[in-house]
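These notebook entries set down what I looked up in one structure, place by place.

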Amino acid sequence: MQVVNPNAAGIDIGSEVHYVAVPPDRDPEPVRSFKCFTADLNRLADWLEECGIETLAMESTGVYWIPLYQILEARGFEVILVNARHVKNVPGRKSDVLDCQWLGQLHSYGLLRGSFRPEDRVCVLRSYIRQRDNLVKSAGSHIQRMQKALEQMNIQLHKAITDITGVTGMRIIEAILNGERDPFKLAQLRHYNARSSQETIAKSLEGDWREEHLFSLRQEFELYGIFRQKIAECDQKIELCLNTFESKVDPGQKSLPKYKHGNKKARRNPPNLDLRNPLYRMIGVDLVAIDGFDVVTVQTIISEVGLDMTPWPTEKHFASWLGLCPNNKVTGGRVKDTRSKKVVNRASCAFRMAAQAAGKSHSALGGYYRRMKIRLGPSQAITATAHKMARIFYRILKHGVDYVDPGLHDYEQKYQQRVLNNLKKRARLLGYELTQNHELRATVS
């Protein structure tokens, strides 16, 4: 085979030791091991520079590769992270030394493809958003423990109100922790928009006020407040990070389109900042106009894939990377399986959640989802709609065009016309002609 990258090296990343292999003619000891400390990583980069290495391929699991990747990238090396599933072990090669040599050899022949990693600013935004998501999940566990403490005291507050962390629930819990035990006085803290009456809420607040359960409730309430504070700090960091992106449109000259979805139900744990205007400024297009998308969904997808669509040549490549397209397995000329690949991708999950939300709308996407649901079932309908939304997202970001919903009525008309055209085609193949009144007449051949 022809050598494509003569100055290539391979690195097998470990939790404690990294094994590096350079071409045999570059050093008398072409394979070396380095510890994971920062001084050792800098020494590793110095050795690669002495050997004249320009490009590297590394294989890793977990997050052990990130410090070395960032150091090598800052030094000017071309670094690709290889998916371990794409580099199969050959028989007899079972050591880390042979692994790094195998990676270096494959990379020199140009047989390896690196995993996608967005630009540094997007990586920073992604870290903040992932940290916020982790904080929200941790806060949710404390909500469950608060509810458990109330349940142990037979306080059925969660059955009288929708959310114990809403305005009514937090007022009542805070009053309970301050010593109030009268259910009617606690029920007077009810928000005027609460569905349950004061009598119902007062009845749910009659219970056994045991000290050990009140102690647990107090601690979980305080921990929940701490997590809410940390989430607000993450929102501030996200806002500062969004301001570092260049503006693709001036909102003063081209104003943000009016929000067409009306009064939607508020999402749980919404950010404490206006996301729609910064996203519109940095993207240049209002992605919230797509049915099923909200600002949090758009922010999550942008933080995972970035704003540049050039890593994917076509929308089909983008859908394949997300794991939303059929993964056809052909054997003997026959398709054995078409199920989509199982990938761990936050952007793919965001598209699926958006597809589920779009299925309830009176739009073309909603009509498509409901038709696929009848034909394929709920889970495959979500995947199919998410696939269509991913292709729309790709086209908008690559070409900078605005999204225009054709509408449910127009979609149904086009679908009926397509079905009618297929019927006419099948009738002609069978020697018949479909008339305007949808009657079959035999044709003379």
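Entry 1. Aromatic rings.
I began with the term I needed: rings of Phe, Tyr and Trp, the last by its six-membered ring, pair if their centres lie within 6.5 Å. I note here that the model is a predicted one. Searching the whole structure, I found 11 aromatic pairs. I then looked up the pair of Phe34 and Trp47: the ring centres are 5.9 Å apart and the planes stand at 45 degrees, so I entered the pair as tilted. Phe34 belongs to strand β3 (residues 31–35) and Trp47 to helix α1 (residues 38–50), and the pair, 13 residues apart, links distant parts of the chain. Are these two residues buried or exposed? I found both Phe34 and Trp47 to be buried.

I next took Trp312 and Trp321, whose ring centres are 5.1 Å apart with planes at 55 degrees, so this pair is tilted. Trp312 has a relative accessible area of 5% and is buried. Trp321, at 27% relative accessibility, counts as partly exposed. I also asked which residues the ring pairs link into a cluster. The cluster consists of Phe116, Phe293, Trp312, Phe318, Trp321, Phe351, Phe393 and Tyr394.

Entry 2. Charges over rings.
I looked for charged ends placed over aromatic rings. The charged end of Arg181 sits over the ring of Trp209, at 5.0 Å from the ring centre. The charged end of Lys388 sits over the ring of Tyr368, and there the distance to the centre is 4.6 Å.

Entry 3. Asp27.
From Trp47 I went on to Asp27, which I located in the loop between β2 (17–21) and β3. Its relative accessible area is 14%, and Asp27 is therefore buried, the limit for that term being under 20%. What does the side chain of Asp27 reach at 2.8 Å? I found the backbone nitrogen of Glu29 at that distance. The side chain of Asp27 also makes a polar contact with the side chain of Trp47, at 3.4 Å. Leaving out neighbours within four places in sequence, I listed Arg32, Trp47 and Cys51 as the contacts of Asp27.

Entry 4. Strand β4.
I turned to strand β4 (residues 55–59) and checked its burial. Of its 5 residues, 5 are buried, so the strand is largely enclosed by the rest of the structure. Both faces are covered: I found Thr55, Ala57 and Glu59 buried on one side, and Leu56 and Met58 buried on the other.

Which strands pair with β4? Strand β1 (residues 8–12) runs parallel to β4 and is joined to it by 5 bridges. Within this pairing, I noted Met58 of β4 as the bridge partner of Ile11. Strand β5 (residues 78–82) also pairs with β4 in the parallel sense, over 5 bridges. Here Glu59 stands opposite Val82 of β5.

Entry 5. Three loop residues.
Asn345 is placed in the loop between β7 (334–337) and α13 (346–358). With 9% relative accessibility, Asn345 counts as buried. A polar atom of its side chain lies 2.8 Å from the backbone nitrogen of Ala347. Not counting residues up to four places away in sequence, Asn345 touches Trp321 and Leu322; Trp321 was already entered above as a member of the ring cluster.

Asp308 I found in the loop between α11 (295–305) and α12 (315–322). Its relative accessibility is 44%, so Asp308 counts as partly exposed. The side chain of Asp308 makes a polar contact of 2.7 Å with the side chain of Thr310. I also compared Asp308 with Tyr394: the two are 86 residues apart in sequence and 9.6 Å apart in space, C-alpha to C-alpha.

Asn154 lies in the loop between α4 (120–152) and α5 (157–160). I recorded its phi as near 60 degrees, a positive value in a residue other than glycine. Most residues other than glycine have a negative phi. Asn154 is partly exposed, with a relative accessible area of 44%.

Entry 6. Helix α16.
My last check concerned helix α16 (residues 408–429). At 1.5 Å a residue its 22 residues should span 32 Å, and the end C-alpha atoms are 32 Å apart, which agrees. In α16 I found Tyr411, Leu420 and Ala427 to be buried. After the helix comes Gly431, with a positive phi near 90 degrees.

Terms used: Residues numbered from 1 in each chain as written. Predicted model: local features only at pLDDT ≥ 70, side-chain atom pairs only at ≥ 80, totals over all residues. Heavy atoms only, no water. Helix = DSSP H or I, 4+ residues; strand = E, 2+ residues; numbered from the N terminus. Expected span 1.5 Å × (residues − 1). Buried < 20%, exposed > 50% of the residue type's maximum accessible area, 1.4 Å probe, protein only. Polar contact = N/O pair within 3.5 Å; in protein donor to acceptor, adjacent residues only side chain to side chain. Contact = heavy atoms within 4.5 Å. Phe/Tyr/Trp six-rings, centres within 6.5 Å; stacked < 30°, edge-to-face > 60°. Lys NZ or Arg CZ within 6 Å of the ring centre and 35° of its normal. Pairing = 2+ DSSP bridges.
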